[in-house]
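Let's take a walk through this one together, starting with charged pairs and ending in the packed interior. Keep the viewer open as you read.

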Amino acid sequence: MAPRSDSRAAPSHARHDRGPRLLGRVLTVVLLAALSGCRKSDAERAAREREEIETRIRDAYSLVPYRALKLTLRAEGHPDAPAEVAALWQTLSATRELPAKAASEEETLRVAKAYLELGVALYKAKKTLEQRDEDEFPLLWSRWQPAQPLPLPGYDAGQEHALLSALWFVLDAADSGNRVPATDLVLYELSRATPRPGWPPGLRVSVRGSRGMAFCNAGYHYAAEEELNAYLSDAEALPASAFPSVRDATPAQVRETLLATGYFLRAWNRMGLERERAAEDDLERGLASLERLGIENELTWWGWAFIHFRRERYEQSARSLDTLAKSPYLGDAARRDIQASADAMRAHGDQLPIFLQARAAAILGQALVARAGGPEKIAVTLLGPERAGQVLAPLLWMDRVRHGLAQRSVDDITRAAGESFDGVRAAGGKGLSALKEKLWGGGEDAKSAAGSPP
(Lines give C-alpha, C1' and ligand atoms only; values in the text may rest on other atoms or scores of the structure.)
Protein backbone atom coordinates (compact mmCIF):
# COMPACT_ATOMS: atom_id res chain seq x y z
CA MET A 1 0.00 0.00 0.00
CA ALA A 2 1.40 3.33 -1.08
CA PRO A 3 2.09 5.91 1.62
CA ARG A 4 -0.85 8.30 2.20
CA SER A 5 1.28 11.33 1.60
CA ASP A 6 2.17 10.10 -1.91
CA SER A 7 -1.51 9.87 -2.89
CA ARG A 8 -1.88 13.63 -2.14
CA ALA A 9 1.26 14.74 -3.90
CA ALA A 10 0.71 17.16 -6.79
CA PRO A 11 2.06 16.32 -10.22
CA SER A 12 5.58 17.57 -10.71
CA HIS A 13 4.64 20.03 -13.50
CA ALA A 14 1.98 21.59 -11.23
CA ARG A 15 4.56 22.09 -8.51
CA HIS A 16 6.84 23.78 -11.05
CA ASP A 17 3.99 26.12 -12.25
CA ARG A 18 2.94 27.16 -8.74
CA GLY A 19 6.13 29.15 -8.11
CA PRO A 20 5.78 31.54 -11.08
CA ARG A 21 2.04 32.03 -10.38
CA LEU A 22 2.71 32.85 -6.74
CA LEU A 23 5.50 35.24 -7.72
CA GLY A 24 3.17 36.95 -10.19
CA ARG A 25 0.54 37.48 -7.53
CA VAL A 26 3.09 38.93 -5.12
CA LEU A 27 4.39 41.32 -7.79
CA THR A 28 0.82 42.41 -8.61
CA VAL A 29 0.10 43.21 -4.96
CA VAL A 30 3.38 45.12 -4.63
CA LEU A 31 2.67 47.05 -7.86
CA LEU A 32 -0.85 48.00 -6.76
CA ALA A 33 0.44 49.13 -3.38
CA ALA A 34 3.13 51.22 -5.06
CA LEU A 35 0.66 52.81 -7.45
CA SER A 36 -1.80 53.64 -4.69
CA GLY A 37 1.05 55.17 -2.71
CA CYS A 38 1.96 57.42 -5.67
CA ARG A 39 -1.59 58.80 -5.93
CA LYS A 40 -2.01 61.98 -3.90
CA SER A 41 -4.92 62.35 -1.53
CA ASP A 42 -7.34 65.27 -1.74
CA ALA A 43 -5.72 66.76 1.36
CA GLU A 44 -2.26 66.62 -0.25
CA ARG A 45 -3.57 68.23 -3.43
CA ALA A 46 -5.30 70.94 -1.39
CA ALA A 47 -2.09 71.69 0.52
CA ARG A 48 -0.24 72.00 -2.78
CA GLU A 49 -2.86 74.41 -4.12
CA ARG A 50 -2.63 76.57 -1.00
CA GLU A 51 1.12 76.85 -1.59
CA GLU A 52 0.41 77.91 -5.18
CA ILE A 53 -2.02 80.57 -3.95
CA GLU A 54 0.63 82.03 -1.63
CA THR A 55 3.17 82.04 -4.46
CA ARG A 56 0.69 83.72 -6.79
CA ILE A 57 0.00 86.44 -4.22
CA ARG A 58 3.69 86.99 -3.54
CA ASP A 59 4.60 87.27 -7.24
CA ALA A 60 1.59 89.25 -8.51
CA TYR A 61 2.59 92.67 -9.83
CA SER A 62 -1.11 93.54 -9.97
CA LEU A 63 -1.16 93.52 -6.16
CA VAL A 64 1.80 95.84 -5.64
CA PRO A 65 -0.10 99.18 -5.74
CA TYR A 66 -2.97 97.77 -3.66
CA ARG A 67 -0.75 96.23 -1.02
CA ALA A 68 1.39 99.36 -0.95
CA LEU A 69 -1.69 101.52 -0.41
CA LYS A 70 -2.98 99.37 2.45
CA LEU A 71 0.41 99.05 4.11
CA THR A 72 0.97 102.80 3.81
CA LEU A 73 -2.42 103.63 5.32
CA ARG A 74 -1.91 101.22 8.22
CA ALA A 75 1.74 102.16 8.82
CA GLU A 76 1.32 105.93 8.52
CA GLY A 77 3.11 107.61 11.40
CA HIS A 78 4.55 104.33 12.66
CA PRO A 79 8.29 104.48 13.44
CA ASP A 80 8.87 101.22 11.55
CA ALA A 81 6.99 102.18 8.37
CA PRO A 82 8.93 101.11 5.20
CA ALA A 83 10.09 104.15 3.23
CA GLU A 84 10.00 102.45 -0.19
CA VAL A 85 6.28 101.66 0.06
CA ALA A 86 5.41 105.16 1.21
CA ALA A 87 7.41 106.53 -1.73
CA LEU A 88 5.45 104.34 -4.16
CA TRP A 89 2.16 105.61 -2.80
CA GLN A 90 3.33 109.22 -3.12
CA THR A 91 4.34 108.57 -6.74
CA LEU A 92 1.04 106.81 -7.43
CA SER A 93 -0.93 109.64 -5.83
CA ALA A 94 0.78 112.13 -8.14
CA THR A 95 -0.96 110.47 -11.11
CA ARG A 96 -4.33 111.72 -9.79
CA GLU A 97 -3.44 115.20 -11.01
CA LEU A 98 -2.51 114.04 -14.50
CA PRO A 99 -4.96 114.89 -17.28
CA ALA A 100 -6.96 112.04 -18.82
CA LYS A 101 -5.86 113.36 -22.22
CA ALA A 102 -2.77 115.52 -22.69
CA ALA A 103 -3.58 118.79 -24.44
CA SER A 104 -0.02 119.86 -25.35
CA GLU A 105 3.44 118.46 -26.06
CA GLU A 106 4.67 119.74 -22.71
CA GLU A 107 1.82 118.02 -20.92
CA THR A 108 2.46 114.79 -22.82
CA LEU A 109 6.08 114.80 -21.64
CA ARG A 110 4.98 115.43 -18.04
CA VAL A 111 2.56 112.49 -18.17
CA ALA A 112 5.22 110.19 -19.68
CA LYS A 113 7.74 111.17 -16.99
CA ALA A 114 5.22 110.54 -14.20
CA TYR A 115 4.45 107.01 -15.41
CA LEU A 116 8.13 106.26 -15.92
CA GLU A 117 8.79 107.22 -12.28
CA LEU A 118 5.83 105.08 -11.21
CA GLY A 119 7.22 102.04 -13.03
CA VAL A 120 10.56 102.39 -11.21
CA ALA A 121 8.81 102.86 -7.85
CA LEU A 122 6.79 99.68 -8.47
CA TYR A 123 9.95 97.59 -8.79
CA LYS A 124 11.44 98.99 -5.62
CA ALA A 125 8.25 98.61 -3.60
CA LYS A 126 7.71 95.03 -4.72
CA LYS A 127 11.11 94.08 -3.33
CA THR A 128 10.16 95.63 0.00
CA LEU A 129 6.75 93.89 0.05
CA GLU A 130 8.49 90.53 -0.17
CA GLN A 131 9.89 91.25 3.32
CA ARG A 132 7.15 93.33 4.97
CA ASP A 133 3.43 92.74 5.58
CA GLU A 134 0.54 95.10 6.35
CA ASP A 135 -0.58 93.01 9.33
CA GLU A 136 2.48 94.21 11.23
CA PHE A 137 0.60 97.52 11.69
CA PRO A 138 -2.71 98.74 13.21
CA LEU A 139 -6.04 97.97 11.50
CA LEU A 140 -7.58 100.23 8.87
CA TRP A 141 -10.60 100.63 11.16
CA SER A 142 -8.29 102.18 13.77
CA ARG A 143 -7.15 104.71 11.16
CA TRP A 144 -10.58 105.55 9.73
CA GLN A 145 -12.66 105.42 12.92
CA PRO A 146 -10.23 105.87 15.82
CA ALA A 147 -12.90 107.05 18.27
CA GLN A 148 -15.50 104.40 17.37
CA PRO A 149 -15.94 100.93 18.91
CA LEU A 150 -14.97 97.92 16.82
CA PRO A 151 -17.70 97.00 14.30
CA LEU A 152 -17.96 93.28 15.18
CA PRO A 153 -17.22 91.06 18.19
CA GLY A 154 -13.65 89.77 18.10
CA TYR A 155 -12.81 92.18 15.27
CA ASP A 156 -9.25 91.57 14.09
CA ALA A 157 -7.11 91.70 10.96
CA GLY A 158 -8.72 88.52 9.64
CA GLN A 159 -12.22 90.00 9.84
CA GLU A 160 -11.05 93.17 8.13
CA HIS A 161 -9.52 91.15 5.31
CA ALA A 162 -12.79 89.20 5.00
CA LEU A 163 -14.94 92.34 4.73
CA LEU A 164 -12.68 93.85 2.08
CA SER A 165 -12.71 90.61 0.10
CA ALA A 166 -16.53 90.69 0.02
CA LEU A 167 -16.47 94.20 -1.41
CA TRP A 168 -13.96 93.31 -4.12
CA PHE A 169 -15.89 90.18 -5.06
CA VAL A 170 -19.09 92.17 -5.61
CA LEU A 171 -17.26 94.78 -7.68
CA ASP A 172 -15.60 92.08 -9.77
CA ALA A 173 -18.93 90.43 -10.58
CA ALA A 174 -20.21 93.59 -12.27
CA ASP A 175 -16.94 95.06 -13.56
CA SER A 176 -17.27 94.20 -17.24
CA GLY A 177 -14.45 96.65 -18.06
CA ASN A 178 -11.97 94.67 -15.94
CA ARG A 179 -10.80 97.84 -14.24
CA VAL A 180 -9.61 96.05 -11.11
CA PRO A 181 -7.53 92.86 -10.66
CA ALA A 182 -10.31 91.51 -8.45
CA THR A 183 -9.37 87.82 -8.60
CA ASP A 184 -5.93 88.51 -7.15
CA LEU A 185 -7.36 91.03 -4.68
CA VAL A 186 -9.96 88.57 -3.39
CA LEU A 187 -7.40 85.78 -3.11
CA TYR A 188 -5.03 88.09 -1.28
CA GLU A 189 -7.63 89.23 1.26
CA LEU A 190 -9.14 85.79 1.84
CA SER A 191 -5.76 84.11 2.23
CA ARG A 192 -5.40 86.27 5.35
CA ALA A 193 -8.98 85.78 6.57
CA THR A 194 -8.72 82.40 8.28
CA PRO A 195 -11.72 82.12 10.66
CA ARG A 196 -11.00 82.02 14.41
CA PRO A 197 -13.10 80.45 17.18
CA GLY A 198 -13.89 83.87 18.70
CA TRP A 199 -15.60 85.17 15.56
CA PRO A 200 -19.42 85.39 15.39
CA PRO A 201 -20.69 82.02 14.07
CA GLY A 202 -22.46 83.53 11.05
CA LEU A 203 -19.34 85.42 9.98
CA ARG A 204 -17.13 82.37 10.50
CA VAL A 205 -19.40 80.30 8.24
CA SER A 206 -19.68 83.04 5.62
CA VAL A 207 -15.92 83.48 5.37
CA ARG A 208 -15.45 79.74 4.86
CA GLY A 209 -17.91 79.96 1.98
CA SER A 210 -16.18 83.02 0.54
CA ARG A 211 -12.80 81.27 0.63
CA GLY A 212 -14.29 78.24 -1.08
CA MET A 213 -15.90 80.41 -3.76
CA ALA A 214 -12.71 82.38 -4.42
CA PHE A 215 -10.52 79.27 -4.61
CA CYS A 216 -13.01 77.58 -6.95
CA ASN A 217 -13.24 80.67 -9.15
CA ALA A 218 -9.44 80.73 -9.45
CA GLY A 219 -9.25 77.01 -10.30
CA TYR A 220 -7.97 75.70 -6.94
CA HIS A 221 -10.66 73.05 -6.62
CA TYR A 222 -9.16 70.82 -3.92
CA ALA A 223 -8.52 73.75 -1.57
CA ALA A 224 -12.05 74.96 -2.36
CA GLU A 225 -13.52 71.55 -1.52
CA GLU A 226 -11.92 71.66 1.94
CA GLU A 227 -13.30 75.12 2.64
CA LEU A 228 -16.79 74.32 1.35
CA ASN A 229 -16.98 71.07 3.32
CA ALA A 230 -16.09 73.00 6.49
CA TYR A 231 -18.59 75.73 5.56
CA LEU A 232 -21.49 73.30 5.15
CA SER A 233 -20.57 71.25 8.22
CA ASP A 234 -20.60 74.41 10.36
CA ALA A 235 -23.82 75.78 8.85
CA GLU A 236 -25.65 72.46 9.27
CA ALA A 237 -24.47 72.04 12.88
CA LEU A 238 -25.37 75.55 14.08
CA PRO A 239 -28.94 76.35 15.22
CA ALA A 240 -30.86 79.16 13.54
CA SER A 241 -30.40 81.31 16.66
CA ALA A 242 -26.64 81.50 15.91
CA PHE A 243 -27.33 83.57 12.78
CA PRO A 244 -28.29 87.27 12.64
CA SER A 245 -31.42 88.83 11.18
CA VAL A 246 -30.63 90.65 7.93
CA ARG A 247 -33.09 93.30 6.73
CA ASP A 248 -36.39 91.38 6.25
CA ALA A 249 -34.91 87.88 6.73
CA THR A 250 -35.24 85.93 9.97
CA PRO A 251 -32.26 84.01 11.43
CA ALA A 252 -33.80 80.76 10.14
CA GLN A 253 -34.06 82.22 6.64
CA VAL A 254 -30.48 83.48 6.82
CA ARG A 255 -29.34 79.98 7.78
CA GLU A 256 -31.33 78.40 4.92
CA THR A 257 -29.90 80.94 2.48
CA LEU A 258 -26.36 80.15 3.57
CA LEU A 259 -27.04 76.43 3.20
CA ALA A 260 -28.42 76.93 -0.32
CA THR A 261 -25.40 79.03 -1.23
CA GLY A 262 -23.03 76.38 0.11
CA TYR A 263 -24.70 73.57 -1.80
CA PHE A 264 -24.56 75.53 -5.05
CA LEU A 265 -20.94 76.52 -4.51
CA ARG A 266 -19.85 72.97 -3.72
CA ALA A 267 -21.77 71.67 -6.74
CA TRP A 268 -19.98 74.23 -8.89
CA ASN A 269 -16.64 73.20 -7.50
CA ARG A 270 -17.34 69.48 -7.91
CA MET A 271 -18.04 70.05 -11.58
CA GLY A 272 -14.48 71.40 -11.76
CA LEU A 273 -13.31 68.17 -10.10
CA GLU A 274 -15.37 66.16 -12.63
CA ARG A 275 -17.43 64.65 -9.80
CA GLU A 276 -20.68 65.27 -11.55
CA ARG A 277 -22.86 62.82 -9.61
CA ALA A 278 -21.90 64.47 -6.32
CA ALA A 279 -22.47 67.87 -7.95
CA GLU A 280 -25.98 66.87 -8.97
CA ASP A 281 -26.80 65.86 -5.38
CA ASP A 282 -25.62 69.23 -4.06
CA LEU A 283 -27.54 71.12 -6.74
CA GLU A 284 -30.77 69.37 -5.79
CA ARG A 285 -30.17 70.16 -2.10
CA GLY A 286 -29.57 73.81 -2.98
CA LEU A 287 -32.69 74.03 -5.15
CA ALA A 288 -34.76 72.48 -2.35
CA SER A 289 -33.46 75.13 0.09
CA LEU A 290 -34.34 77.94 -2.32
CA GLU A 291 -37.82 76.49 -2.82
CA ARG A 292 -38.35 76.51 0.96
CA LEU A 293 -37.37 80.18 0.93
CA GLY A 294 -39.74 80.90 -1.96
CA ILE A 295 -36.87 82.14 -4.16
CA GLU A 296 -36.92 81.90 -7.94
CA ASN A 297 -34.20 83.60 -9.96
CA GLU A 298 -31.45 83.03 -12.55
CA LEU A 299 -29.71 80.55 -10.28
CA THR A 300 -32.76 78.31 -9.85
CA TRP A 301 -33.55 78.39 -13.58
CA TRP A 302 -29.98 77.45 -14.43
CA GLY A 303 -29.92 74.78 -11.69
CA TRP A 304 -33.07 73.04 -12.91
CA ALA A 305 -31.84 73.25 -16.50
CA PHE A 306 -28.68 71.45 -15.46
CA ILE A 307 -30.49 68.78 -13.40
CA HIS A 308 -32.94 68.06 -16.22
CA PHE A 309 -30.00 67.94 -18.66
CA ARG A 310 -28.17 65.38 -16.50
CA ARG A 311 -31.34 63.31 -16.19
CA GLU A 312 -31.70 63.43 -20.00
CA ARG A 313 -34.98 65.34 -19.70
CA TYR A 314 -33.98 67.61 -22.56
CA GLU A 315 -37.32 69.28 -23.23
CA GLN A 316 -37.67 70.27 -19.55
CA SER A 317 -34.09 71.53 -19.55
CA ALA A 318 -34.81 73.62 -22.65
CA ARG A 319 -37.88 75.15 -21.00
CA SER A 320 -35.79 76.22 -17.99
CA LEU A 321 -33.29 77.81 -20.37
CA ASP A 322 -36.15 79.58 -22.17
CA THR A 323 -37.11 81.17 -18.85
CA LEU A 324 -33.50 82.10 -18.09
CA ALA A 325 -33.13 83.69 -21.54
CA LYS A 326 -36.02 86.06 -20.75
CA SER A 327 -34.35 87.48 -17.62
CA PRO A 328 -34.22 91.29 -17.78
CA TYR A 329 -31.01 91.17 -15.69
CA LEU A 330 -28.97 89.57 -18.48
CA GLY A 331 -27.26 91.38 -21.33
CA ASP A 332 -28.49 90.99 -24.91
CA ALA A 333 -25.56 88.77 -25.91
CA ALA A 334 -26.08 86.45 -22.92
CA ARG A 335 -29.80 86.14 -23.66
CA ARG A 336 -29.07 85.24 -27.27
CA ASP A 337 -26.51 82.61 -26.21
CA ILE A 338 -28.89 81.02 -23.71
CA GLN A 339 -31.79 80.93 -26.18
CA ALA A 340 -29.49 79.34 -28.76
CA SER A 341 -28.55 76.72 -26.15
CA ALA A 342 -32.24 76.05 -25.45
CA ASP A 343 -32.90 75.56 -29.16
CA ALA A 344 -29.88 73.27 -29.48
CA MET A 345 -31.10 71.28 -26.46
CA ARG A 346 -34.33 70.45 -28.23
CA ALA A 347 -32.39 69.22 -31.26
CA HIS A 348 -29.62 67.32 -29.48
CA GLY A 349 -29.11 67.61 -25.74
CA ASP A 350 -25.69 66.04 -25.33
CA GLN A 351 -23.49 69.15 -25.67
CA LEU A 352 -24.36 72.56 -24.24
CA PRO A 353 -21.93 75.50 -24.04
CA ILE A 354 -24.10 77.17 -21.37
CA PHE A 355 -23.00 74.54 -18.86
CA LEU A 356 -19.33 75.35 -19.24
CA GLN A 357 -18.27 76.46 -15.79
CA ALA A 358 -16.53 79.77 -16.49
CA ARG A 359 -19.15 80.94 -19.00
CA ALA A 360 -22.09 80.14 -16.73
CA ALA A 361 -20.36 81.75 -13.74
CA ALA A 362 -19.92 85.04 -15.60
CA ILE A 363 -23.54 85.08 -16.79
CA LEU A 364 -25.11 84.16 -13.45
CA GLY A 365 -22.80 86.34 -11.35
CA GLN A 366 -23.57 89.48 -13.35
CA ALA A 367 -27.31 88.71 -13.39
CA LEU A 368 -27.53 88.22 -9.63
CA VAL A 369 -25.54 91.40 -8.93
CA ALA A 370 -27.80 93.31 -11.33
CA ARG A 371 -30.90 91.85 -9.63
CA ALA A 372 -29.53 93.10 -6.28
CA GLY A 373 -29.32 96.63 -7.70
CA GLY A 374 -25.78 96.69 -9.12
CA PRO A 375 -22.42 97.16 -7.42
CA GLU A 376 -23.12 100.74 -6.40
CA LYS A 377 -26.28 99.83 -4.48
CA ILE A 378 -24.61 96.82 -2.86
CA ALA A 379 -21.60 98.92 -1.86
CA VAL A 380 -23.90 101.58 -0.39
CA THR A 381 -25.76 98.91 1.58
CA LEU A 382 -22.52 97.47 2.93
CA LEU A 383 -20.61 100.69 3.57
CA GLY A 384 -23.03 103.61 3.59
CA PRO A 385 -23.26 106.34 0.91
CA GLU A 386 -20.17 108.35 1.86
CA ARG A 387 -17.76 105.43 2.27
CA ALA A 388 -19.13 103.69 -0.85
CA GLY A 389 -18.36 106.77 -2.93
CA GLN A 390 -14.83 106.80 -1.57
CA VAL A 391 -14.35 103.15 -2.58
CA LEU A 392 -15.93 103.31 -6.04
CA ALA A 393 -14.33 106.58 -7.19
CA PRO A 394 -10.74 105.21 -7.50
CA LEU A 395 -11.76 102.65 -10.17
CA LEU A 396 -11.51 105.11 -13.04
CA TRP A 397 -8.22 106.36 -11.69
CA MET A 398 -6.85 102.78 -11.56
CA ASP A 399 -7.88 102.34 -15.19
CA ARG A 400 -5.98 105.48 -16.20
CA VAL A 401 -2.87 104.33 -14.32
CA ARG A 402 -3.01 100.95 -16.04
CA HIS A 403 -3.06 102.53 -19.51
CA GLY A 404 -0.35 105.01 -18.55
CA LEU A 405 2.02 102.27 -17.42
CA ALA A 406 1.28 100.25 -20.55
CA GLN A 407 2.92 102.92 -22.68
CA ARG A 408 6.37 102.53 -21.09
CA SER A 409 8.88 100.05 -22.53
CA VAL A 410 11.13 97.71 -20.58
CA ASP A 411 14.23 99.62 -21.75
CA ASP A 412 12.76 102.90 -20.48
CA ILE A 413 12.27 101.46 -17.03
CA THR A 414 15.65 99.74 -16.75
CA ARG A 415 17.52 102.86 -17.90
CA ALA A 416 15.61 105.07 -15.47
CA ALA A 417 16.03 102.63 -12.60
CA GLY A 418 19.82 102.86 -12.71
CA GLU A 419 22.61 100.39 -12.01
CA SER A 420 20.86 98.63 -9.11
CA PHE A 421 18.30 97.35 -11.61
CA ASP A 422 20.70 96.09 -14.30
CA GLY A 423 19.45 92.54 -13.73
CA VAL A 424 15.78 93.35 -14.21
CA ARG A 425 15.57 92.07 -17.76
CA ALA A 426 17.25 88.80 -16.80
CA ALA A 427 14.83 88.12 -13.95
CA GLY A 428 12.78 85.49 -15.70
CA GLY A 429 10.01 87.64 -17.18
CA LYS A 430 9.63 89.85 -14.11
CA GLY A 431 10.14 93.05 -16.09
CA LEU A 432 7.59 95.55 -17.33
CA SER A 433 6.35 93.16 -20.02
CA ALA A 434 5.09 90.86 -17.25
CA LEU A 435 3.73 93.86 -15.40
CA LYS A 436 1.78 95.02 -18.44
CA GLU A 437 0.25 91.57 -18.87
CA LYS A 438 -0.75 91.25 -15.22
CA LEU A 439 -1.32 94.75 -13.88
CA TRP A 440 -5.05 95.49 -13.68
CA GLY A 441 -5.84 93.07 -16.49
CA GLY A 442 -3.42 94.66 -18.98
CA GLY A 443 -3.23 91.78 -21.44
CA GLU A 444 -3.19 92.32 -25.20
CA ASP A 445 -4.38 95.93 -25.03
CA ALA A 446 -1.39 96.86 -22.97
CA LYS A 447 1.00 95.05 -25.30
CA SER A 448 -0.39 96.74 -28.38
CA ALA A 449 -0.26 100.16 -26.69
CA ALA A 450 3.37 99.77 -25.79
CA GLY A 451 4.69 97.81 -28.73
CA SER A 452 6.60 94.56 -28.51
CA PRO A 453 9.53 94.65 -26.11
CA PRO A 454 12.95 94.21 -27.67
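**Charged pairs first**

The structure holds 30 salt bridges, a salt bridge being a side-chain nitrogen of Lys or Arg within 4 Å of a carboxyl oxygen of Asp or Glu. Bear in mind that this is a predicted model, so local features need pLDDT of at least 70, side-chain atom pairs count only at pLDDT 80 or more, and totals for chains, interfaces and linings use all residues. Residues are numbered from 1 along each chain as its sequence is written, and side-chain values use heavy atoms, with hydrogens and water left out.

Start with Asp135 and Arg74, which form a salt bridge whose closest N and O atoms are 2.8 Å apart. Asp135 lies in the loop between helix 6 (105-129) and helix 7 (140-144) while Arg74 belongs to helix 4 (residues 64-75), so this pair ties together parts that are 61 residues apart in sequence. Helices here are DSSP runs (H or I, at least four residues), as are strands (E, at least two), and they are numbered from the N terminus. Are the two partners buried or exposed? Asp135 counts as partly exposed at 32% relative accessibility, whereas Arg74 is buried, with a relative accessible area of 1%. The cut-offs are these: buried means under 20% relative accessible area, exposed means over 50%, and partly exposed is in between (1.4 Å probe, protein chains only).

Next up are Asp133 and Arg192, whose side chains meet in a salt bridge at 3.5 Å, N to O. Asp133 sits in the loop between helix 6 and helix 7, and Arg192 in the loop between helix 9 (182-191) and helix 10 (201-217), so the pair ties together parts that are 59 residues apart in sequence.

A third salt bridge brings together Arg292 and Glu256, at 3.1 Å from N to O. Arg292 is in helix 13 (residues 276-293) and Glu256 in helix 12 (residues 251-272), so to speak distant parts of the chain, 36 residues apart. Arg292 counts as exposed at 57% relative accessibility, but Glu256 counts as buried at 15%. There is also a network: salt bridges that share partners join Glu276, Arg277, Glu280, Glu284, Arg310 and Arg311.**Loops worth a look**

Now find Pro82, in the loop between helix 4 and helix 5 (83-94). At 8% relative accessibility, Pro82 counts as buried. What does Pro82 contact, leaving aside its neighbours within four places in sequence? The partners are Leu71, Thr128, Arg132 and Phe137, where contact means heavy atoms within 4.5 Å. Take Thr128: its C-alpha atom is separated from that of Pro82 by 7.7 Å, although the two residues are 46 residues apart along the chain.

Two other loop residues may catch your eye on a Ramachandran plot. Glu274, in the loop between helix 12 and helix 13, has a phi near 60°, a positive value in a residue other than glycine. Glu312, in the loop between helix 14 and helix 15, has a positive phi of about 65° and is not a glycine either. Glu274 counts as exposed at 69% relative accessibility, and Glu312 is exposed too, with a relative accessible area of 60%.

**Helix 15 and the interior**

Just after Glu312's loop comes helix 15 (residues 314-325), which makes a handy geometry check. The expected span of a helix is 1.5 Å times one less than its number of residues. For the twelve residues of helix 15 that should give 16 Å, and the end C-alpha atoms are 16 Å apart, which agrees. The buried residues of helix 15 are Ser317, Ala318, Ser320, Leu321, Asp322, Leu324 and Ala325. Their cover includes helix 14 (298-310) and helix 16 (332-347).

Leu321 and Leu324 turn up again in the largest nonpolar core, which has 49 residues. A nonpolar core is a set of buried Ala, Val, Leu, Ile, Met, Phe, Trp, Tyr and Cys residues joined through side-chain atoms within 4.5 Å. Along with Leu63, Tyr66, Phe215 and Leu283, those two leucines touch the most other members. Helix 14 gives the most to this core, with seven residues. A second, separate core of 18 residues includes Ala68, Leu71, Ala121 and Ala125; Leu71 is also one of the contacts of Pro82. In soluble globular proteins, nonpolar side chains tend to be buried together.

**Zooming out**

The protein chain's secondary structure comes to 23 helices and zero strands. Of its 454 residues, 42% are buried. Among contacts between residues at least 6 apart in sequence, 66% join residues at least 24 apart. The accessible surface comes to about 23,900 Å², with 54% of it belonging to carbon and sulfur atoms; the areas come from the Shrake-Rupley method with a 1.4 Å probe, and for residues only the protein chains shown count as cover.
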